[in-house]
Amino acid sequence: MKKKYELIFLAIGLVAVVAMVWSIGLEAIVANIKQTSWWFVAIIAVRFLVYPLNTVAWKAVIPQDNGSEAKVSFAKLLNLTISGYAINYITPVMALGGEPYRILRLKEYVGTKRATSSVLMYAIMHVLSHFVFWILGFVLILLYPKTSSGIKITSAFFILLCILSSFFISKFFKSGIAVGFFNTLAKIPIVGKWAKKKITKEFCDGLQQIDFQIQDLYFNHKNRFFRSLVTETLSRIAGCLEILLIMQAIGMEVNLFEAIIISTGTSLFANILFFSPMQLGTKEGGLILALKSLGMEAANGVYIGLAMRISELFWIIAGVVMIKTYKRKTKIK
């Protein structure tokens with residue numbers, strides 16, 4: 001990767017860390033850590049489980065020429081997973097800033113086309129696992145005895161919507177995404193001029209190869225496809241431990257199923273308002289609504305959200321450090 005790109009990603013990360021600390025307030029961070037005490041060690045440690053699961057899911061969709069998994073070290077992919085998510089978290093629109101970074105790094109090992117296709121495949125898998133997780137969460141809401149009939153009707157609606165959305169997203173694996181994406185860009189004013197210049201015969205051939213690799217995973221390597229989807233969904237369930245531990249720290253007795261329900265409502269609300277950088281305000285709003293729907297003290301949503309932000313801040317700093325300390329590979333395997 002060129003030095004200027006590394007500096008750009010590093011600068012974005014540093015600015016975001018400063019902005020996040022400023023928005024939360026240093027005094028609030030210190031007070032929250034004191035109140036939560038040693039629970040914060042366990043809360044932060046949850047992602048030592050989540051990120052390796054993300055990495056396993058990503059590694060499953062990175063192909064070699066013979067269709068098997070690429071021989072990229074797990075440690076290197078874990079580094080790119082953490083730093084990529086750090087960039088994604090601070091990206092204002094759709095949280096996709098980490099994908100170009102991952103492509104630029106991964107191409108040193110598997111080449112540009114396979115790096116691009118695998119990052120796109122994992123991004124689609126990440127979205128697809130959202131819907132699988134939401135279906136699980138809304139099913140639990142239907143079974144939860146304390147929810148009102150109105151919430152259960154709404155949950156049933158979202159289950160249907162998530163199932164339909166899952167089938168729609170799976171079409172990207174069947175038909176590819178690269179060619180269609182650039183054809184769509186070509187129709188957009190201003191951006192379209194750049195896209196039309198970019199779409200040369202050689203460039204289109206490259207896009208078709210990327211789409212072929214995406215289709216190949218879906219049609220010819222179902223075991224890797226479902227391994228990636230299941231592992232990515234498990235990472236979301238593991239992430240619910242963070243909410244569970246925070247609530248335990250303030251004396252709220254909850255189980256994992258309730259934590260999944262709370263996480264479902266929170267993540268859905270945050271993703272509806274995807275354009276908010278660092279999910280400012282959306283996480284707290286989602287937590288308040290989720291707690292209220294379960295008949296719990298809604299005001300605790302602010303505290304839980306703050307504790308989650310401090311944990312995220314830790315991992316954003318870790319990701320920024322990884323961007324700076326990353327060691328390049330000199331040639332492709």
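Leaving aside its neighbours within four places in sequence, with which residues is Met-247 in contact? In this predicted model, which numbers residues from 1 along each chain as its sequence is written, local features need pLDDT of at least 70, side-chain atom pairs count only at pLDDT 80 or more, and totals for chains, interfaces and linings use all residues. Side-chain values use heavy atoms and leave out hydrogens and water. With those neighbours set aside, Met-247 touches Met-252, Val-254, Ile-262, Leu-291, Met-296 and Ile-304; contact means heavy atoms within 4.5 Å.

The chain has 15 helices and 0 strands. These are DSSP runs, numbered from the N terminus (helices: H or I, at least four residues; strands: E, at least two). Of the 333 residues, 51% are buried, that is, under 20% relative accessible area with a 1.4 Å probe, protein chains only.

The largest nonpolar core holds 77 residues. Such a core is a set of buried Ala, Val, Leu, Ile, Met, Phe, Trp, Tyr and Cys residues joined through side-chain atoms within 4.5 Å. Trp-58, Leu-106, Phe-173, Met-247, Ile-262 and Met-296 have the most contacts inside it. Helix H7 (residues 112–143) gives the most to this core, with 13 residues.

Helices H5 (residues 74–90) and H15 (residues 300–325) have axes that come within 8 Å and cross at roughly 120°. Axes are lines fitted to C-alpha atoms over the stretch in contact, and angles run from 0 to 180 degrees between N-to-C directions. H5 and H15 are therefore oblique: angles under 35 degrees count as roughly parallel, over 145 as roughly antiparallel, 65 to 115 as roughly perpendicular and the rest as oblique.

Terms used. Buried < 20%, exposed > 50% of the residue type's maximum accessible area, 1.4 Å probe, protein only.
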